[in-house]
Structures are given as structure tokens and as C-alpha cells.
Amino acid sequence: MKTVLSLFTSLVVISLLLISCDSPPTPPTTPEEKEPLAFSAPQPEFTVTVTEAELASPRKELKGELNGVDITIDYGSPSTKGRAIWGSLVPYGEVWRTGANEATRITFDESILVGDDILAAGTYSLFTIPAEKEWQVIFNKVVDQWGAYEYDAAQDALRVPVKPVGVDSSSATLEFRLAPGKIVMQWDKLVLPIFLTEA
């Protein structure tokens, strides 16, 4: 009887081991899980200050340093408010101000590589063209624009393709942050990493 029980126990253990080996790994769902090495690296220091709190989409200013370059991002921070965002409130295939109200402005105090292209030091309007699989990130030389109503592609300093990342955790407001080697925009269940390196 003991031999039968022992054999039965062994078979159960072996079956459980085989099941665990055959089970596919749980897919990553957060930026931290998808890029563990990036998040284990030292995080760049930055601050975000609300500069116009009275607006429905408060104006915020990020200041920080990435790869030895001082970066400032001035942006309107809209809220989801229960709305569908991507492909709806923010249409696919159209130039977007990448925020709310005035177009987002970004300043670099030194030249920097965005993807594989050099962007000269200066202040730019940051536009994007959202799409399901690949966005266009646009640095436009005309600053202080309201929305994208007067956007002029002839004034683009640089365009780079960027792949968005879908995540399970939702951000109720549009936010920018700095992470190792990149600027990150996050809103709703989408993260847009813009990779930067020293020029």
C-alpha cells in the first residue's frame, strides 16, 4: 500500500513539474517589466511643476538632465475623464499638439541624438502623429503655437518614428518623465518612449 501511495505521489509531482514547464511565461504588462534593465539603471533626476493650475488641463513644466543635457518640457496635461483617447479624442493619422491648449514645448541646452539623428540645441514645439503601430515625433522650429492649427511641416527640424507601448496600468492624466536614455510620455494605457543619446 505504501509503495502504491509513494508511486502516486511521485506521479503527481512529475505531472505538476511538466505542467509548470509547459506553461508560457506571463507577458510583461508594465514599462518596468518590459524593460527591466532600463529601470534597474540609475534614474535621471527631474522635477515637474504645475505652472497654471487653474486650467482644465493644467500647464506643467518638467526640468531635468539626461545624458548631460538639460531638458525642459512645457506641456498641457489633459485628463481622460472616462473618454476613449487613442484613435478617438486623439485621432490617428493627424498632427497632434502632444498635450492640451498650446503645443508642447521642449528645450535642449545642447545638441542631442534623437534616435539616429542629431537635433541642435534650442526650443521646439513637440508635435506627434499618433498611429496604432508607429508614431511620428516632430520637433518643429516654430514655438508658441496654439494647438496644431498653424502647424507647418516646412518648419520641421526633425521627424523620428517611435513605436508606442501598450500597458495595463492607466494614467488618468498626460504626463512626461525622464527615464534612462529617453523621454517618456504616458497617458491612458499608452507609453511613448523617445530615445535620446549624446550627440
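**Close-up views of the predicted model**

**View 1. The pairing of strand 4 with strand 7.** Phe108 of strand 4 has Gly122 as its bridge partner in strand 7. The model shown here and in the following views is predicted. Strand 4 and strand 7 (residues 122-129) are joined by five bridges and pair in the antiparallel sense. Of the five residues of strand 4, four are buried, so this strand is largely enclosed by the rest of the structure.

**View 2. The pairing of strand 3 with its neighbours, strand 2 and strand 4.** Between strand 3 and strand 4 there are four bridges, in the antiparallel sense. Within this pairing, Thr72 has Thr107 of strand 4 as its bridge partner. Strand 2 (residues 59-66) also pairs with strand 3 in the antiparallel sense, over eight bridges. Here Lys60 is matched with Tyr75 of strand 3 as its bridge partner.

**View 3. The open sheet of seven strands.** The strands follow the order 1-2-3-4-7-8-9, and their pairing is antiparallel. Strand 1 (46-52) and strand 9 (156-162) form the edges; each has a single partner strand, so one side of each is left without a neighbour in the sheet. On average, neighbouring strands of this sheet are turned by 20° against each other, direction ignored. Strands of a sheet pair through backbone hydrogen bonds, in either a parallel or an antiparallel manner.

**View 4. The open sheet of four strands.** This sheet has the order 6-5-11-10 with antiparallel pairing. Its edge strands are strand 6 (117-119) and strand 10, each of which pairs on one side only. From one strand to the next, the twist averages 45°. Strand 5 (residues 112-114) is joined to strand 6 by three bridges, and the two run antiparallel. Ile112 stands opposite Leu119 of strand 6.

**View 5. The aromatic pair of Tyr75 and Phe176.** The structure holds nine aromatic pairs. One of them, formed by Tyr75 and Phe176, is edge-to-face, with 4.9 Å from centre to centre and 65° between the planes. Tyr75 belongs to strand 3 (residues 69-76) and Phe176 to strand 10 (residues 165-179), so the pair ties together parts that are 101 residues apart in sequence. Both Tyr75 and Phe176 are buried.

**View 6. The aromatic pair of Trp96 and Trp187.** The ring centres of Trp96 and Trp187 lie 6.3 Å apart and the planes meet at 15°, so this pair is stacked. Trp96 is placed in the loop between strand 3 and strand 4 (104-108), whereas Trp187 is in strand 11 (residues 182-198); the pair therefore ties together parts that are 91 residues apart in sequence. With 9% relative accessibility, Trp96 counts as buried. Trp187 is likewise buried, its relative accessible area being 1%. Trp86, Trp96, Trp135 and Trp187 form one aromatic cluster.

**View 7. The largest pocket and its lining.** The volume of the largest pocket is about 320 Å³. It is lined by 17 residues, of which Leu89, Val90, Trp96, Arg97 and Gly99 are the closest to its centre. By class, the lining comprises ten nonpolar, four polar and three charged residues. Trp96 thus appears in two settings: among the residues closest to the centre of the pocket, and in the aromatic cluster with Trp86, Trp135 and Trp187.

Methods
Residues numbered from 1 in each chain as written. Predicted model: local features only at pLDDT ≥ 70, side-chain atom pairs only at ≥ 80, totals over all residues. Heavy atoms only, no water. Phe/Tyr/Trp six-rings, centres within 6.5 Å; stacked < 30°, edge-to-face > 60°. Buried < 20%, exposed > 50% of the residue type's maximum accessible area, 1.4 Å probe, protein only. Pairing = 2+ DSSP bridges. Axes fitted to C-alpha atoms, helices over the stretch in contact; angles between N-to-C directions. 1 Å grid on protein atoms, 1.4 Å probe; cavity = no way out; pocket = protein on both sides within 12 Å on 5 of 7 lines; lining within 4 Å. Points joined across faces, edges and corners; volume = space filled by probe spheres on them. Nonpolar A, V, L, I, M, F, W, Y, C, P; charged D, E, K, R; others polar.
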